[in-house]
Amino acid sequence: MLYLKKTHDPRSNNELLAQISGRRLDIKKVLNETEQLFQPFYKKNSAFKPRNPSIPFKQKIIERLFRLLAKPSARLEPTRLSVDSEGNVIPNWKDSLDQEFTKLMGCIKLEVNVEDFGAVGDGFTDNTSAFKKAIGNGRVKVIVPPGVYNITKGIRIPSWTCLIGAGKGVTTIRLHDSAPKGMRLVTNTNHWRGNHHIFVQGLSLDWNVERLGDTAKTSTWGNHSSCLTYANVTYGWVKDVEAINPGLHCFDITSTLYNYAGDGFRARGGSKYVWLDNLNGHGFGDDGITTHHSDYIWISNSHMCDPSGRAHQIGFSNSNGIEVDDGSRNVLLVNNSTARCFGGVEIKAHQNSSAASNVQIVGHISLNDNRSFNFRHIGHHKSTDMESQSAYNILAINLASIAPIFTDLYKESTPRGLVVSAYKNVVLNYVTFIGDPGYDYKGNPIVAIQYRARNVALNNVSFKNFKTAGAGIKVFGGDNRADGVQIRDVVIQDSTVKAVQIGASIQDVNLHNIKELKPQT
């Protein structure tokens, strides 16, 4: 069985996916095919439905307070994708981002070495003052040589600034044992007015959770307690960085504050046009990489694994490798991997926030995550709940779910390769589910389309080695039924499960070319 360790090189994920699935896709062709499948759904639901005003009085008051820092959400056009000359999937705004990076390099007036300002990478000295002096007011490239650099108050980066180390595991910036629990290790200087043109590269960021001892909860509130936080940043880059044991998140691309103004509203001060590439993270209290109320975010060639879950109550840790969360729009994930998390990729929102929308995944490996791919708008699932007005538009290609398992992170959660709840317009093309033939899945389905999900298409799906699961794909019926489901070109082999199970009262489901191959003897 495959094992992806903490130091897994995620730049190999594209090749590894080809080996896992047994097919080398013409990504340009598959992108075009998947977009054609998506278009009818997108046109069918082009406007928000009116909001149902019947909510509890206390919740209404809380939402109105949050609206002081929020704005109505608007539907964006989905990002168009293309394939460059080297076969890389890129968003249509990459050229603009590259131009802004050139501007950043042109605005750097000085290159300095943090050791020239008194920094000592001995793992003991407090280097907070040295980093502050080296960074100054920005327009500077700060070089951090090999070593372990302790700091007590976190590093705050102004606009037009680069922070460059010698590589993961070579240059480490570490929170000192005396640093408070709410400290962000690296962030931008002004979360309220915002910053722009910031580049961090070639570092290990050690939040040093060990300093907290057996403290039950390792985070404080909001977007504190993370390794790297970009809050209200326009044009940001994070490349070749490792995050170690944060109290909350490894990497958080977010707004000034998290916001819970209700479905149909988003926080002010979100980040936009940020690229995260070749990142590793582990030991996180909540999520590895997460986004909140931010637009045009690109996450590529990154690997997140082995959360601690300590930002949550024991046994209720919704700790995801990559979480595209409240109010995020136009987020692109390319060739990432996750291992041993609650969720591999979770696209979601809380009940009192707008859902993430226009999310695209091209290539992902989920290994031993409890729920490999989990798409949901919490609190908008049941027929008695308000229907989500923002949970729209997910497009995913070339996914692999390998041996989802039960986990102590969330003890009551049954393993799933894919769950779609409350989202509309969801298209997945070329998905591989591989089970552990000796594992007890207790008769649970591998894929669940449920809780008022609408306009869901699954194409070119394969299942292998599920001996004790229930259905490969179960479309749940009843009062909370999914509907508008298309399932095409499914192969299930070396498994004893039924390929597709359709629940009661479902009005619109289309099945085509479903093959159940007998288990090998």
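In this predicted model, the side chains of K442 and D440 meet in a salt bridge, with N and O 3.5 Å apart. This pair belongs to a broader topic, since the structure holds 18 salt bridges. As general background, side chains of opposite charge can pair when their charged atoms come close. The points below take up some of these contacts, together with the accessibility of the residues that form them.

**The K442 and D440 pair**
- K442 has a relative accessibility of 55% and therefore counts as exposed, because the cut-off for that class is over 50%.
- Its partner D440, at a relative accessible area of 40%, is partly exposed.

**The E15 and R24 pair**
- A salt bridge links E15 with R24, and the closest N and O atoms of the two residues lie 2.7 Å apart.
- R24 is exposed, with a relative accessible area of 63%, whereas E15 counts as partly exposed at 35% relative accessibility.

**The D483 and R481 pair**
- The side chains of D483 and R481 also meet in a salt bridge, for which the N to O distance is 3.7 Å.
- D483 counts as buried because its relative accessibility is 7%, and buried means under 20%.
- R481, on the other side of this salt bridge, is partly exposed at 22% relative accessibility.

**A network of shared partners**
- Beyond these pairs, R174, D177 and D206 are joined into one network by salt bridges that have partners in common.

Key:
Residues are numbered from 1 along each chain as its sequence is written. This is a predicted model: local features need pLDDT of at least 70, side-chain atom pairs count only at pLDDT 80 or more; totals for chains, interfaces and linings use all residues. Side-chain values use heavy atoms; hydrogens and water are left out. A salt bridge is a side-chain nitrogen of Lys or Arg within 4 Å of a carboxyl oxygen of Asp or Glu. Buried means under 20% relative accessible area, exposed over 50%, partly exposed in between (1.4 Å probe, protein chains only).
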